[in-house]
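Trainee: I am new to this structure. Please take me through the ligand site closely.

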Amino acid sequence: MSNFPPLDRLTPEYIRNFEPYIPSKPDEELKRLYGCERLFRLNNNENPLGPPPAARRVIREFPPPRASVYPSGDAYYLRLKLAEKFDMHPDQFLVGNGANEVISFAIKAFCEAGDNIVTADKTFAVYEWVATFSGFGAHLVPLADFGFDAEGMLRAMDDRTKILFVCNPNNPTGSIWKRGMLRGFLDRVAGSRIVVVDEAYAEFVEDPEFQNAMDLIPEYPNLVVFRTFSKMYALAGLRIGYLAGAMEVVDVIRRTCVVYSVNVLAQLAALAAIEECAEHIERTRELVRKGKSFLVREIGALGLEYVSGEGNFVMLKLPMNDGLAYRKLMTRGVMIRSMTGFRFPNWIRVTVSTDEAMECFIEALTEALGERG
Ligand SMILES: *Cc1c(COP(=O)(O)O)cnc(C)c1O
């Protein structure tokens, strides 16, 4: 043990103080642990319909020898397809190993020691996590009525703020930035900082007032938009997402990206998914509409408070600790997201899924609420 590294001296304080995220165990382990025969995963907002047919075909027919060859280092054909879809230049896109990876690209590209980012206190946590474990500040602005507080974010900016992160629709509250609101915010920032709009759930939005940030890129060169293939396109297991922005800004961010982080099968499946997705998107939206109205009705009947906005998830408040609720629901074969980690103690978030999963969730919840203690 004499050569054990002096971790205290080698590890920066912001790493020592950082609580690592603990991922859930594989289904088989969990089923054994909680003694349930089947498990509905309603914790990650996955699409129960699976990938669109064209992407399935690509996955099924993938030639094994291609696994021995490095993928395109810049997702060449996928960027061409994205450029065509959004009427932009291919160099305005940067593809990563999930949108999670592009969050880290953006923060690395613009922040240095002493800098900070601004975002909401109750939103997708990865912006805050990446900033924190990289040694940067994270100014967290409280939500106002379950939505982002644009004024509060502007007030939270200081001269070391490099990036403002907006999640639209917001995970976990489903709140959206409507037409005038996002423009007004961008006008006030006036190009002085990078504004990231994370649109992981954009394809689910039903509200016609929703402001799609992709459309604003030509007008606001400080705007960077994130999208993912994990949610609507159901390719979460292959890990692929991207960012889009003005060419000059993307040129800067590209310097921080690790080449070959996006595997060949993910690139092929994503390309196929966007080439042929209209029917898939319609079916998914139909499923979410139906599942959400069932959930909201049943949750209301149980007398619980809930927040149901855009996106394929609903949040609800329980008369018990959310960690305890997690365990109670797990023994009944339902995994939800406990929300203390999102700073919503006693709340849980549940993914809108199939009729069977939704019925099972409500049954499990009813039982869990009925139990003493
Ligand atoms: C799921 C999610 C992501 C991450 O997506 P990946 O592409 O799977 O890394 C990003 N942002 C939000 C708001 C999400 O909910």
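Mentor: Here is the ligand site, followed by a buried asparagine and a sheet.

This is a predicted model, in which local features need pLDDT of at least 70 and side-chain atom pairs count only at pLDDT 80 or more, while totals for chains, interfaces and linings use all residues. Residues are numbered from 1 along each chain as its sequence is written, and side-chain values use heavy atoms, with hydrogens and water left out.

Start with the ligand. Around the ligand there are 13 residues, each with a heavy atom within 4 Å of it. Among them, Ala 99, Asp 198, Thr 228, Ser 230 and Lys 231 come nearest.

Now the polar contacts (pairs of N or O atoms within 3.5 Å; within protein, one atom must be able to donate a hydrogen and the other to accept it, and residues adjacent in sequence count only if both atoms are side-chain atoms). A polar backbone atom of Ala 99 lies 2.6 Å from a ligand oxygen. The side chain of Ser 230 places an N or O atom 2.6 Å from an oxygen of the ligand. For Arg 239, a side-chain N or O atom is 2.7 Å from a ligand oxygen. On its own, the ligand has 380 Å² of accessible area, and the protein covers 94% of that. Such areas come from the Shrake-Rupley method with a 1.4 Å probe; for residues, only the protein chains shown count as cover.

Look next at Lys 231. UniProt, in an unreviewed entry, places "modified residue: N6-(pyridoxal phosphate)lysine" here, at Lys 231. UniProt positions follow the numbering used here, feature names are shortened, and annotations may be inferred rather than shown by experiment. Lys 231 sits in the loop between strand S7 (223-228) and strand S8 (241-245). Helices (H or I, at least four residues) and strands (E, at least two) are DSSP runs, numbered from the N terminus. Lys 231 counts as buried because its relative accessible area is 14%; buried means under 20%, exposed over 50%, partly exposed in between (1.4 Å probe, protein chains only). Beyond four places in sequence, Lys 231 contacts Asn 44, Asn 45, Asn 47, Ala 200, Tyr 201 and Phe 204. Contact means heavy atoms within 4.5 Å.

Asp 198 leads on to Asn 168. Not counting residues up to four places away, Asn 168 touches several residues, including Asp 198, Val 197 and Glu 199. Asn 168 is buried, at 0% relative accessibility. Its loop runs between strand S5 (161-167) and helix H9 (179-189). A polar side-chain atom of Asn 168 is 2.8 Å from the backbone nitrogen of Trp 177.

Last, the sheet. Its 4 strands form an open sheet in the order S9-S10-S13-S12, with antiparallel pairing. Two strands pair if DSSP finds at least two bridges between them.
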